[in-house]
Amino acid sequence: ANNWTAMDSGLQSNRVNVLFVSGNDIYAGTDGGAFLTANNGKYWVAINTGLSKTNVYSLLAINDSSILTGANGGLFLTLDKGNSWMSENTGFPNISNGNVATCIAISGNSIFAGTWGNGVYLSTNKGGQWVPMNIGISKTIVYSIAISGQNIFAGTDSTIYFSNNFGINWVLANNGLPANTAINSIAITGSNIFIGTDGGGVYSSTNNG
């Protein structure tokens, strides 16, 4: 785009951590809570009832009305587009210590959440119960997750891991990457995997790293 227009009317924070689109709705996770716009960003409405803390780091649409979010205080689920939220932290680690779901990815009924300090967790019932999926992962601050079929990639604060069996176990997938490179984002299209790094730009792989 050659021209950009500010679309932040109603937002209560200038720091936007995550955006995603679900149908005609756009959701924003910010350091001032979760927000929703139904008019392409012309005006945002706060949707924070039931969120215990305001910092929202990840958002995921389970369906048109059900949204899962990772915030300070853990994971929260809404069944009504954010009008109310309920805690979904059973089995999730260290909620009292402020652990958050830094990233969330979904495939079918399986939801994977990356955490700040405790690796990867899995829920198969919309967040009602979480179990750790960390065999082979030694770097536990997870910044990014992407899923393609049975293949999952988890980017951490210093490297990237790959699982070809839906998270049962993981191996390093960092051939060609600089040492101690944080992986902030992952995108998959076909057999091409792209990663965005902290300070090293973008890398790609066609053989699972």
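**Sheets, cores and two salt bridges**

Okay, let's start with a hairpin: β17 and β18 are joined with 2 residues between them, and G190 in that turn has a positive phi of about 60°. Before I go on, this is a predicted model, where local features need pLDDT of at least 70 and side-chain atom pairs count only at pLDDT 80 or more, while totals for chains, interfaces and linings use all residues. Residues are numbered from 1 along each chain as its sequence is written, and side-chain values use heavy atoms, with hydrogens and water left out.

When I say strand, I mean a DSSP run of E, at least two residues, numbered from the N terminus. Two strands pair if DSSP finds at least two bridges between them.

So, back to the hairpin. β17 and β18, the latter being residues 192-197, run antiparallel and are joined by 6 bridges. Two spots to click on: I186 sits opposite I195 in β18, and T189 has N192 as its bridge partner.

What comes after β18? Another hairpin, this time with β19, with 4 residues between the strands and G199 at a positive phi near 100°. Here 4 bridges do the joining, again antiparallel, and F194 has S204 in β19 as its bridge partner.

Put those together and you have an open sheet of 3 strands, in the order β17-β18-β19, with antiparallel pairing. β17 (183-189) and β19 (202-205) are the edge strands, each pairing on one side only. The twist averages 20° from one strand to the next; for that, axes are lines fitted to C-alpha atoms, and angles run from 0 to 180 degrees between N-to-C directions.

Next sheet. This one is open too, with 4 strands in the order β13-β14-β15-β16 and antiparallel pairing. β13 and β16 (171-172) are at the edges with a single partner strand each, so one side of each has no neighbour in the sheet. Inside it, β14 and β15 (residues 160-163) run antiparallel and share 4 bridges, with G155 opposite I160 in β15.

Now the packing. A nonpolar core here is a set of buried Ala, Val, Leu, Ile, Met, Phe, Trp, Tyr and Cys residues joined through side-chain atoms within 4.5 Å. Buried means under 20% relative accessible area, exposed is over 50%, and partly exposed is in between, using a 1.4 Å probe and protein chains only.

Which residues touch the most other members of the largest core? Out of its 15 residues, those are F112, V120, V142, I145, I147, I152 and W170. β9 (101-107), β11 (120-123), β13 (142-148) and β14 (151-156) each supply at least two residues of this core, and β13 gives the most, with 3 residues. Apart from this core lies another, of 13 residues, including V56, I67, F76 and W85.

Let me zoom in on V120. Contact, by the way, means heavy atoms within 4.5 Å. Not counting residues up to four places away in sequence, V120 touches F112, A113, V131, P132, M133, N134, I137, V142, I145, A154 and W170.

Here's a loop residue for contrast: S66, between β5 (56-61) and β6 (67-71). Is S66 buried or exposed? It's buried, with a relative accessible area of 4%. Leaving aside neighbours within four places in sequence, S66 is in contact with L60, A61, T78 and L79.

Last topic, charges. Side chains of opposite charge can pair when their charged atoms come close. I'm calling it a salt bridge when a side-chain nitrogen of Lys or Arg is within 4 Å of a carboxyl oxygen of Asp or Glu. How many salt bridges does the structure hold? There are 2.

One is R15 with D31, where the closest N and O atoms are 3.7 Å apart. That pair links distant parts of the chain, 16 residues apart: R15 is in the segment before β1 (16-22), and D31 is in the loop between β2 (25-30) and β3 (33-37). R15 counts as exposed, at 54% relative accessibility, whereas D31 is partly exposed at 23%.

Then there's K81 with D25, with the closest N and O atoms 3.0 Å apart. This pair also links distant parts of the chain, with K81 in the loop between β7 (74-78) and β8 (86-87), D25 in strand β2, and the two positions 56 residues apart in numbering. K81 counts as partly exposed at 34% relative accessibility, and D25 counts as buried at 8%.

That's my tour; over to you for questions.
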